[in-house]
Amino acid sequence: MNIQEYISSGILESYALGEVTDAERTSVEQVLKQYPEVREELQKIEETLEKVAFASAIQPRVQVKEKIMASIAASAKKPEAKVVALTPEQPVWKYATAASIAIALFSSYMAYQYRELWKTDSLELTQIRAENQRMADDYNVVNQKLDKIQGDLSIMESTAFTKVIMKGTANDTNALASVYWNASTQEVFISIQQLKEISKENQFQLWAIVNGKPVDAGVFDLNFAGLQKMKSIKGAVAFAVTVEPRGGKENPTMETMQVIGSVINNPT
C-alpha cells in the first residue's frame with residue numbers, strides 16, 4: 001500500500017468526522033492497526049479538528065443553559081428513544097470516483113466507436129483497392145485485345161501478305177479458312193472462318209506445299225480469334241489443313257483433309 005496516497009485520499013478526515021460507511025470504517029481501522037504512520041496522521045487530524053471546534057465555539061447564554069439542562073432532565077424520564085442509524089453523507093472523493101468511472105466508460109465507448117469506424121473505413125478501402133485492381137486488369141485485357149486486333153488488321157491489309165483462301169473438301173464442304181503468307185519474311189498466319197469441332201485427342205495441322213511436297217506449318221485448335229501465327233514457310237504454292245493426332249505428324253493424313261487453297265499470286 002502507498003501510505004502517502006492513502007493519507008492524501010481524504011479517507012482519514014472522513015473517518016474522523018464520522019462520514020464513512022461501515023465497510024469503510026472497518027477498512028480504515030484495519031489500516032490503522034497495520035501502519036503506525038497512518039495512526040499518527042489520524043491523531044493529528046483529530047487534534048486539528050478539536051482545535052477548530054474549540055476555536056469556533058460560542059458561549060451560550062445562561063437562559064439557554066438552563067433550558068438545555070431542563071430538557072435533558074425531561075428526556076431522562078421519557079421511554080428510551082429508538083435509535084435510528086443515520087446514513088453518512090457521501091464524501092467528495094466518492095463523487096470524484098463516480099465521475100472517473102463515468103469518464104472511463106465514456107472513453108471506452110468512444111474508443112469502441114472509433115474502432116468500428118476504422119474497421120468500416122479499412123473494409124471500404126480494401127474494396128476500393130480490389131475494384132481498382134480489377135479495373136486495371138480489365139483495362140490491360142482490353143488493351144491487349146485492341147493491340148491484337150490492330151496487329152491482325154495491319155497484316156490483313158498489308159500488300160506484303162498474300163491471302164490464300166482454303167475451301168472445304170469432301171470431308172466438310174462448308175469448311176473455310178485463310179492463310180496470310182509473306183513470301184519475303186516467310187511469316188504465315190491462319191484465320192478460321194468455318195471448321196467443325198474435333199475430339200480433344202486430335203488437332204488441326206497446317207501444311208504448305210513446297211516443291212510438290214507437304215511441309216509442316218504447325219498445329220492449332222479452334223480456341224483463338226483473329227489470326228494465329230504458324231511456322232515460317234518459304235516457297236509455298238498451296239496450303240491445306242488436315243486432322244491429325246494431338247501434336248501433329250511428320251506426314252499428312254490425306255483422308256482427313258478439311259480445306260485446301262493455292263497461292264494465286266506467289267511472289268517468289
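Which pattern does the protein follow when read along the sequence? In this predicted model, the order is α-α-α-α-α-α-β-β-β-β-β-β-β-β, made up of 6 helices and 8 strands. The protein has 268 residues, of which 24% are buried. Its accessible surface amounts to about 19,100 Å², with carbon and sulfur atoms contributing 57%. Among the contacts with a separation of 6 or more, 59% join residues 24 or more positions apart.

Turning to the helices, helix 3 offers a good place to begin. Helix 3 spans residues 22-34, and its 13 residues reach 19 Å from the first C-alpha to the last, close to the 18 Å expected at 1.5 Å a residue. Its buried residues are Glu24, Val28, Val31 and Leu32. These lie on the same side of helix 3, because they cover an arc of only 105° around the axis. On the face turned away from that buried side, helix 3 carries the exposed residues Asp22, Ala23, Lys33 and Gln34.

The strands can be followed through their pairing. Strand 1 (residues 162-168) pairs with strand 2 (residues 176-181) in the antiparallel sense, over 6 bridges. Within this pairing, Met166 has Ala177 of strand 2 as its bridge partner. Strand 1 also pairs with strand 8, again in the antiparallel sense and over 2 bridges; here Lys167 stands opposite Ile260 of strand 8. Strand 8 has a further antiparallel pairing, with strand 7 (residues 236-245), over 4 bridges. In that pairing the bridge partner of Ala240 is Ile260. Ile260 of strand 8 is thus a meeting point, opposite Lys167 and bridged to Ala240.

How do the side chains of strand 8 (residues 259-262) point along its length? They alternate, with Val259 and Gly261 directed to one face and buried, whereas Ile260 and Ser262 are directed to the other and are not buried. Such alternation between the two faces of the sheet is what a regular strand shows.

The packing of nonpolar residues brings several of these strands together. The largest nonpolar core has 24 residues, and the members that touch the most others are Met166, Val179, Trp181, Leu206, Ile233 and Phe239. Two or more residues of this core come from each of strand 1, strand 2, strand 3 (188-194), strand 4 (202-210), strand 5 (213-220) and strand 7. A second core, separate from this one, holds 13 residues, including Tyr6, Tyr15, Val20 and Ile45. In soluble globular proteins, nonpolar side chains tend to be buried together. Met166 therefore appears in two settings, as a bridge partner of Ala177 and as one of the core residues that touch the most other members.Two loop residues complete the description. Most residues other than glycine have a negative phi. Gln186, although not a glycine, has a positive phi of about 70°, and its place is in the loop between strand 2 and strand 3. Gln186 is partly exposed, its relative accessible area being 26%. Asn211 likewise has a positive phi, near 55°, and lies in the loop between strand 4 and strand 5. With a relative accessible area of 74%, Asn211 is exposed.

Definitions and conventions: Residues numbered from 1 in each chain as written. Predicted model: local features only at pLDDT ≥ 70, side-chain atom pairs only at ≥ 80, totals over all residues. Heavy atoms only, no water. Buried < 20%, exposed > 50% of the residue type's maximum accessible area, 1.4 Å probe, protein only. Pairing = 2+ DSSP bridges. Contact = heavy atoms within 4.5 Å. Areas by Shrake-Rupley, 256 points an atom, 1.4 Å probe, with all protein chains shown as cover. Core = buried A, V, L, I, M, F, W, Y, C linked by side-chain atoms within 4.5 Å. Expected span 1.5 Å × (residues − 1). Arc of directions from axis to C-beta.
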